[in-house]
Amino acid sequence: MRTLAEWLTLQEAVHPKSIDLELTRVAAVARTLGVETPEFPVITVAGTNGKGSVVAHLEALFGALGASTGLFTSPHLIRYNERIRIAGREVGDSELIAAFERIEAARDRVTLTFFEYNTLAALLVFAHRAVDVALLEVGLGGRLDATNLVAADVAVLASVGFDHRDWLGDTLELIGAEKAGIFRAGRPAVLGTADMPSSVFAAITALGARAVIAERDFSWRVQGESWHYDGLEVALRALPPSALAGSIQYRNAATAIAAVEALAGGGTARASVRRLAARLGPLEERAVSRALGAVQLPGRFQVLPGEVEWILDIAHNPPAAEVLARQLRERARPGGRTFAVIGVLADKDAARIAAALAGLIDHWIVCTLTGARGSSARQLAERLGRPPGDMTLAESVTAGCELARERAQPGDRVVVLGSVHTVGPALEWLRIY
């Protein structure tokens, strides 16, 4: 019997390409396994940024409402098991191995990518556990992502920005069209912002999907230490802030609430959706407040207070770096310096990430990232385009964190950013995850 590590190594070698955006192969195996049309309702979430936060809020909301959730997210920070959770708890190795064995028996000569194995395993585990609702975070794009082999009962698009241009196109219109591929005819399409490319709205119109748009069909108002939500049919008052830091989380939390409201409000004839909506009952302040206090998402503007404050944020593309910059300004520490511990994969726009944070970082500690998509600290320093005197090179993220700890004084802060491959090792080094 293979161990989980051995299975993961195998899965990286089965298909000749690490990324192969098409649904024919994975859908064929899904049909053999009987998971292409799940019995449970499905909410699929896409977006250049914000999708992880929306999914985390959805998990907390359904949990507070008494529903059993199956969550599929990627990539993982440290453990593969992070990708598949039931009711907020990671699935164990034995259950994952059992799913992989079923996939291997079903695929015959069909080859699958690592992510396609991930998706099928999640659907098998969710079916075995008979979850009440599945929450699927798109891996890349939407239209041809493996998660899209399942027709979402509610599709959420958190944002559209520039990332993965080699796969999705080099204009926002092309990227938006790919992400809008998760929408389905007659079913809710929840948009986390109205600032979307016209291709997104064109897809909604062509499909006859039911648009639910931020700041048109649902909105939020911050008032002092609390905030209010006004949705399709629900008004929630005096809600606490999300446990996730940063003002952007009001938008993400409101988008998640709107998705729950859209699912509970119908929008599809599926019997499983009607049953779940009847069980959940109306959204009310107590349950939503409980969810907002319970939501967790490591590595997304995760703040560790102290004499030297540490902030960890994946921020792996320019739009995410712009959000991070806004959050850092909101959380200014007068008089203190800000050190960045940064590692960015070779296929990401490091120069624009750095430019978005210009004026906020006093010194850059530039880290080597290993692996096929990694780059050396020296190569990354050249890509960042910062003055040489503002940068120090580190042979690893761990070494970078050590340097930051040595140099930071009380009142300073350290921001770890650029990739899950940067934040994950930093969380291990900090011994908090």
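In strand E17, Val-415 is the bridge partner of Ala-340, and the pairing to which this bridge belongs joins E17 to strand E14 (residues 338-342) in the parallel sense over five bridges. The model is a predicted one, and the points below take up the pairing and burial of E17, an open sheet of eight strands, the nonpolar cores, and the crossing of helix H7 with helix H8.

**Strand E17 and its partners**

- Strand E13 (residues 309-313) also pairs with E17 in the parallel sense, over five bridges, and here Ile-311 has Val-415 of E17 as its bridge partner.
- Strand E17 (residues 413-417) is mostly covered, since five of its five residues are buried.
- Arg-413, Val-415 and Leu-417 point one way from E17, whereas Val-414 and Val-416 point the other way, and all are buried.
- In a regular strand, the side chains alternate between the two faces of the sheet.

**The open sheet of eight strands**

- The strands of this open sheet follow the order E4-E3-E2-E5-E1-E6-E7-E8, and their pairing is mixed.
- At the edges are strand E4 (89-90) and strand E8 (210-213), each of which pairs on one side only.
- Strand E6 (residues 154-157) and strand E7 (residues 188-191) run parallel and are joined by three bridges, and within this pair Val-156 has Val-190 of E7 as its bridge partner.

**Nonpolar cores**

- The largest nonpolar core holds 49 residues, of which Ile-43, Leu-58, Phe-62, Val-190, Phe-218, Trp-227 and Tyr-229 touch the most other members.
- Helix H9 (residues 248-264) gives the most to this core, contributing ten residues.
- Leu-58 touches Ile-43, Val-45, Leu-135, Ala-256, Ala-259 and Val-260, when residues up to four places away in sequence are not counted.
- Another core, of 40 residues, lies apart from the largest one and includes Val-14, Leu-96, Leu-120 and Val-150 among its members.
- In soluble globular proteins, nonpolar side chains tend to be buried together.

**The crossing of H7 and H8**

- The axes of helix H7 (residues 172-179) and helix H8 (residues 198-207) come within 7 Å and cross at roughly 35°, and the crossing is right-handed.
- On the H7 side the contact is made by Leu-172, Glu-173, Gly-176 and Ala-177, and on the H8 side by Ser-198, Ser-199 and Val-200.
- Sorted by class, the residues in the contact of H7 with H8 are three nonpolar, three polar and one charged.

How values were computed: Residues are numbered from 1 along each chain as its sequence is written. This is a predicted model: local features need pLDDT of at least 70, side-chain atom pairs count only at pLDDT 80 or more; totals for chains, interfaces and linings use all residues. Side-chain values use heavy atoms; hydrogens and water are left out. A nonpolar core is a set of buried Ala, Val, Leu, Ile, Met, Phe, Trp, Tyr and Cys residues joined through side-chain atoms within 4.5 Å. Buried means under 20% relative accessible area, exposed over 50%, partly exposed in between (1.4 Å probe, protein chains only). Helices (H or I, at least four residues) and strands (E, at least two) are DSSP runs, numbered from the N terminus. Contact means heavy atoms within 4.5 Å. Axes are lines fitted to C-alpha atoms, for helices over the stretch in contact, and angles run from 0 to 180 degrees between N-to-C directions. A crossing is left-handed if the near helix is turned anticlockwise from the far one by less than a right angle, and right-handed if clockwise. Ala, Val, Leu, Ile, Met, Phe, Trp, Tyr, Cys and Pro count as nonpolar, Asp, Glu, Lys and Arg as charged, and the others, Gly among them, as polar. Two strands pair if DSSP finds at least two bridges between them.
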